[in-house]
Amino acid sequence: MDHFTARLADVDPEVYAALEAETARQRNGIELIASENLVSRATLEALGSPMVNKTVEGYPGGRYYGGAEHADRIELLAVERAMELFGAAYANVQPHSGSQANLAVFLAFVKPGDTVLSMDLSAGGHLSHGAAPNLSGKWFDIVSYGVNADGFLDYEGMAATARATSPKLIIAGGSAYPRAIDFERFRVVADDVGAILLVDMAHWAGLVAARVHPDPVPVADVVTATTYKNLRGVRGGFILSHRAELARKLNSAVFPGVQGSVILNAVAAKAVAFREAMTPEFRAYARGVLDNARALAATLVDRDITVLTGGTDTPLLVVDLRPLGLTGAAASDVLERAGLTANKNGVPDDPESPRVTSGLRLGSSAGTARGFGVDEFTQIGDWVADVLEAMTAGTAEPAASRVRGEVETMVSAFPIYPA
């Protein structure tokens with residue numbers, strides 16, 4: 001077989017079959033995992049381009065490898081577009097992931113043993129913000145803030161903890177907190193204790209880009225995010241700041257601090273995502289993401305399913321399954337058999353282990369990319385409630401089978417990735 005022309009199906013039929021099966025899974029089911037989305041054909045073309053062959057280290061104009069003319073052009077496009085899209089004075093598009101972006105911020109501003117204040121994982125925080133199993137939790141003195149009895153962020157508790165512990169870095173944002181965050185209140189606290197303020201907006205960056213969510217860029221010292229989720233692009237991370245004077249510190253923290261060579265085909269795909277996010281179509285999409293998430297939450301509440309905080313201001317919501325006597329692991333398994341992919345998720349004061357959990361996290365980003373509107377997400381909410389109620393009644397499998405058929409009928413009207 002010729003190295004440059006042989007097709008995947010001939011070179012590796014096993015991998016080809018798995019990829020075809022995954023594409024069919026995405027076509028025939030509904031993706032409700034909040035961290036997933038459906039990228040454009042343009043993104044797929046950039047990611048699968050011969051740019052994957054090129055290796056560079058360093059930054060445009062100062063690479064450690066030759067032949068970087070076109071790599072420089074692509075990275076500069078991505079940086080310029082990110083700065084324009086988010087109104088930032090600085091952007092770094094090299095981080096391989098949001099976690100890598102966060103790690104670079106740690107390296108730039110704190111030393112091992114320093115105190116960092118972040119949202120507790122059980123309240124909706126992220127592993128890379130100081131969870132015990134993560135490097136961030138092993139190398140730094142992590143103190144946490146959480147939520148009040150109603151599930152809303154406890155700002156007074158956060159401020160009191162900051163005053164008592166004098167953290168060097170304060171992190172706002174998480175992976176399972178559904179409400180808009182008051183960045184100004186964090187700014188006041190950070191200034192009071194002399195801390196750097198990092199906002200991780202990975203789960204609502206697309207909404208910020210479309211101006212349908214509060215913007216942390218003018219307020220925080222540093223903002224990290226991902227280009228997937230509701231930004232609807234390739235998997236990867238990036239860093240923003242309105243403080244241009246932080247460029248050298250942050251750049252050196254990314255390279256050579258925590259990463260080596262740049263994944264240039266991913267940077268090309270990031271540039272595509274930023275360009276797509278500048279369009280009126282994307283702004284309409286982002287508004288739809290928020291409308292659909294709220295419709296899904298409202299439907300579940302109407303069906304007496306407990307939704308943390310009673311709703312959402314973001315593309316995600318968290319269901320508390322304890323009143324139903326169910327676990328997140330069991331519920332996500334049955335929902336998947338019904339054609340609805342979700343993920344188990346912890347809830348505040350969760351009695352179950354992280355492998356089991358008492359909650360579900362649901363998101364609207366991928367369904368909205370597919371073309372679903374409020375009517376479809378209302379129906380999805382009813383399907384989720386039907387399955388959960390059937391689980392409590394011992395009739396889960398018949399309900400899952402019925403819903404699966406109805407899901408397949410719905411998605412057939414919203415096709416993706418034609419063969």
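1. Seven strands (DSSP E runs of at least two residues, numbered from the N terminus) make up an open sheet of mixed pairing, in the order β2-β8-β7-β6-β5-β3-β4, where two strands pair if DSSP finds at least two bridges between them. The edges are held by β2 (90-92) and β4 (141-145), each of which has a single partner strand, so one side of each is left without a neighbour in the sheet.

2. The model is predicted, with local features needing pLDDT of at least 70 and side-chain atom pairs counting only at pLDDT 80 or more, while totals for chains, interfaces and linings use all residues. Residues are numbered from 1 along each chain as its sequence is written, and side-chain values use heavy atoms, with hydrogens and water left out.

3. Within the sheet, strand β3 (residues 115-119) runs parallel to strand β5 (residues 169-172) and is joined to β5 by two bridges; L117 stands opposite I170 in β5.

4. Helix α5 (residues 98-109; helices are DSSP H or I runs of at least four residues) packs on the sheet and touches β3, β5, β6 (196-200), β7 (222-226) and β8 (237-241), contact meaning heavy atoms within 4.5 Å. Helix α10 (residues 247-258) also packs on the sheet, touching β2, β7 and β8.

5. Turning to a helix pair, the contact between α13 (residues 328-337) and α16 (residues 396-412) is made by V334, E336 and R337 of α13 together with A396, E397, A400 and R404 of α16.

Terms used:
Axes are lines fitted to C-alpha atoms, for helices over the stretch in contact, and angles run from 0 to 180 degrees between N-to-C directions.
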